[in-house]
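Got your viewer open? Let's take a walk through this one, stop by stop.

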Amino acid sequence: MDKFLEYIKNKNLTIDDEKLADKLDELDELSSMKNEFHFPATKDVASDASKVKVEDLEKPVIYLTGNSLGLQPKEIEKQLSNYLNDWKKYGVEGHHHGEHPFLHIDEEIQESLSKIVGSLPSEVCPMNSLSTNIHVLMANFYKPTQTRHKIIIEYGAFPSDLYVTESQIRHHKFNPETSLIKIKPRDGEYTLRTDDIIKVIREHGDSVSVVMLSGIQYFTGQFFEIEKITKVGQEVGAIVGWDLAHAAGNVQLSLHDWNVDFACWCSYKYLNSGPGCIAGVFVHNKHTQIFDLTNDSRLLGWFGNKLSNRFQKEKEFYAEDGALGFRMSNPSVADCTALRASLSVFEKAGGIKKLAEKSTVITGYLEYLLTHKLKTTDVQIITPSDSTQRGSQLSLLIKGIKAGELKVNLSNAGVICDVRDPDVIRVAPTPLYTSFNDVKNFIQKLNDNM
Ligand SMILES: Cc1ncc(COP(=O)(O)O)c(C=O)c1O
């Protein structure tokens, strides 16, 4: 909120101005980006359309769920249609013909993906889906020994991250009871203090093989201090990796400079490329400069092989440079096309830095209204108030009414948000397609329904 108040002051606006949302929208250089997206109509997503006011039935919803599934960029349909035409026109020759030859479809995206996560283009690659990629990277980086076998995650990690790490430990014949360390918030707190994370890493010291936390915690919206934590993990001799499902496309990242060992993310949340679309990986180039097949535990498949060897009869494997060498299968061209299209919207907006700046202001505005303009005291924000410790998601602990019931009522009032059992709703005013008036109207609807 501090940054929001600073912004207001710098723009000579006053906080109690009735027209504040209008003025903020006028100042918003990204306001036209909304037109790049398809919005569901209220009648189509209301839990009970009979409860929607007639004049609101066709209205686009206020969509606060970009943290779960981003809206569809209009550009995707166009690009997918071009891809279908190329496939129709060229068949297998489409691997070499057309504007976007299938053979290099993923390589084409490396540059724009690298801008999203702050890396060299060669350090990133779209591939597989997120949980699969955590396994793929663990196969390379988790090499437990009798003395160094622990994986550290956060206590409230996303279920898949828990299952992946547990199964990796079992796969190597260790026991999650003794090899999986889960960092808990202090009693009465929801988020983790960096000092506590560091303390746990240091306590387990040279028994830690891998530290793998989420960049932004899916439940609380907390943005961890990636650089600091990575450094401490590496000081005890561990590999440090990050699940960036809720961070990619949401906050500014500098994975290369922060010396992160590995990271992975999905592309259907803030990256808006469509449900289950191809995910991404980052492997720091310090790990891929030398490839020695006899001493490498990565999982191999033909698409990780150098193009010069890939189609040869001799079947010699020599990994492609950088992240490309972690591929196993040929990528879905439809998926890569959707991702390329959705990333082009980020470029059109001026990049992640600009989006993150708006995100700080609009999320601060939402926080201000939640703390100053709600009639009820039954809403508690559990996301950190410090804007450097969060992205665009605020998690709201709801009392007095069931969170699930509130979500249903809000959907009938034209607001889409999501619920995390038992009592939290998550709202994310994603900067690409949320206006300041959307935020203001959401607060009004929340007031009407609490
Ligand atoms: C933090 C986190 N990790 C892992 C996953 C699993 O993703 P996928 O189903 O694409 O493997 C999700 C999905 O929402 C997530 O939020």
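**Stop one: the ligand**

Select the ligand and then its surroundings: Leu 130, Ser 131, Phe 158, Asp 161, Asp 243, Ala 245, His 246, Tyr 268 and Lys 269, each with a heavy atom within 4 Å of it. Before you zoom in, know that this is a predicted model, where local features need pLDDT of at least 70, side-chain atom pairs count only at pLDDT 80 or more, and totals for chains, interfaces and linings use all residues. Residues are numbered from 1 along each chain as its sequence is written, and side-chain values use heavy atoms, with hydrogens and water left out.

Colour that shell by class and you get four nonpolar, two polar and three charged residues. Here Ala, Val, Leu, Ile, Met, Phe, Trp, Tyr, Cys and Pro count as nonpolar, Asp, Glu, Lys and Arg as charged, and the others, Gly among them, as polar.

Now show distances between N or O atoms. A polar side-chain atom of Ser 131 sits 2.6 Å from a ligand oxygen. On Asp 243, a polar side-chain atom is 2.7 Å from a ligand nitrogen. For Lys 269, an N or O atom of the side chain is 2.9 Å from an oxygen of the ligand. Taken alone, the ligand would expose 400 Å², and the protein buries 82% of that (Shrake-Rupley areas, 1.4 Å probe).

**Stop two: helix H6**

Next, select residues 130-141, which form helix H6 (helices are DSSP runs of H or I, at least four residues; strands are E runs of at least two; both are numbered from the N terminus). How many of its twelve residues are buried? Nine are, so H6 is mostly covered, where buried means under 20% relative accessible area, exposed over 50% and partly exposed in between (1.4 Å probe, protein chains only). Leu 130 is one of the buried ones, and you met Leu 130 beside the ligand. The cover over H6 includes E5, H7, E7, E8, E9 and E10.

**Stop three: helix H7**

Move to 159-171, helix H7, with 13 residues. Its buried residues include Ser 160, Asp 161 and Val 164. Among the elements they pack against are helix H6 and strand E5. Just after H7, click Lys 173, which takes a positive phi of about 65°.

**Last stop: His 95**

Finally, pick His 95, in the loop between helices H4 and H5. His 95 is partly exposed, at 29% relative accessible area. Its side chain reaches the backbone oxygen of Val 92 at 3.0 Å.

Definitions and conventions: The expected span of a helix is 1.5 Å times one less than its number of residues. Contact means heavy atoms within 4.5 Å. A polar contact is a pair of N or O atoms within 3.5 Å; within protein, one must be able to donate a hydrogen and the other to accept it, and residues adjacent in sequence count only if both atoms are side-chain atoms.
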